[in-house]
Amino acid sequence: MIQRGEFNPGDTVVMIPNTPTEDDSVIAENYLRTSKFRASGYDGFMQQYVFMGRDRIIKYDNINHDVASFLELISVSAHSINKFDKKSHKRRNKIGVWGDGNVGFITSLILKKKFPESEIIVFGKNEEKLNFFSFVDETYQIDSIPDDLRVDHAFEAVGGKASEYAIDQIIDYINPEGSIAILGVSENPVPINTRMVLEKGLTIVGSSRSGRVDFQYAVDFLEEHQDAQNQLQKLISAVIDVKGIEDIVKAFEYDLTTPFKTVLNWGI
């Protein structure tokens, strides 16, 4: 094996779960049908030894380790936002984010940093969760949105059956020719009001997972914005030390009881 001196024992790195087997000049690695995604039909990271190419790990230095556990989620939001940036028109006075969970929080945080001149508005169901979004311009519960409020573009970060209602509401409150970025995953088909999509000339941008370039963006984002790291710590409900299988079971059981994130501190 060629030794390149890229990494040293003790370096902190993030592992990229997507494993492409080919390059494509048009299609991103996370959409190639030949790519393998760890823990989704392919061995994940809970192995005693993980073998991966050197391009599947990225070193980081100035990121809190607990916050670093969000890097995969951050990369997913970053991928969606960068894709939106390429495909949407440039009037971005108001950008709405539907969803008050972890993905909505992270997406809103990146949007506020990437587009500081834009007004970022979050729409959610849970008032307690919405109180965590102190860095955005406005928050609204979905049943009390002003009738005259409009956004230029929107991100759907709800997922599941509820994404149907979120997308429907977005279509009502978005300005003509706006873009709707869909992040939420649903196991069942979700109906969309195509009549109004056509009438308003809307663009729907889908995105899923992420690749190396998105992970690098996530690392750079956190290393550049210490205040973003502080905000992300709000999402951590508990840090559980893992020294054996029983600790893993305990952590997973605890995670089912909280709407936020449980961090596993591996000591095996």
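Visitor: Hi! Which ring does the charged end of Arg209 sit over?

Guide: The ring of Phe37, with the charged end of Arg209 4.0 Å from its centre. A charge sits over a ring if NZ of Lys or CZ of Arg is within 6 Å of the ring centre and within 35 degrees of the ring normal. Keep in mind that this is a predicted model, where local features need pLDDT of at least 70, side-chain atom pairs count only at pLDDT 80 or more, and totals for chains, interfaces and linings use all residues. Residues are numbered from 1 along each chain as its sequence is written, and side-chain values use heavy atoms, with hydrogens and water left out.

Visitor: Cool. How many salt bridges does the structure hold?

Guide: There are 10 salt bridges. The term means a side-chain nitrogen of Lys or Arg within 4 Å of a carboxyl oxygen of Asp or Glu. One of them joins Lys59 and Asp11, at 3.8 Å from N to O.

Visitor: What does the pair of Lys59 and Asp11 tie together?

Guide: Lys59 lies in strand S4 (residues 57–59) and Asp11 in the segment before strand S1 (13–15), so the salt bridge ties together parts that are 48 residues apart in sequence. Helices (H or I, at least four residues) and strands (E, at least two) are DSSP runs, numbered from the N terminus.

Visitor: And what does Asp85 form a salt bridge with?

Guide: With Arg92, where the closest N and O atoms are 2.6 Å apart. Asp85 also meets Lys90 in a salt bridge of 3.8 Å, N to O. Through shared partners, salt bridges join Asp85, Lys90, Arg92 and Lys114 into one network.

Visitor: Is Arg92 buried or exposed?

Guide: Arg92 counts as buried, at 9% relative accessibility. Lys90 is exposed, at 61%. Buried means under 20% relative accessible area, exposed over 50%, and partly exposed in between (1.4 Å probe, protein chains only).

Visitor: New topic: how many aromatic pairs are there?

Guide: The structure holds eight. Rings of Phe, Tyr and Trp (its six-membered ring) pair if their centres lie within 6.5 Å; planes under 30 degrees apart count as stacked, over 60 as edge-to-face and the rest as tilted. Phe132 and Phe260 have ring centres 5.2 Å apart and planes at 55°, so this pair is tilted.

Visitor: Where do Phe132 and Phe260 lie?

Guide: Phe132 is in the loop between helix H4 (127–130) and strand S7 (138–141), while Phe260 is in the loop between helix H9 (245–255) and strand S12 (261–266), 128 residues apart. Phe260 is buried, at 16%.

Visitor: Which residues form an aromatic cluster?

Guide: Phe84, Phe115 and Phe155 form one.
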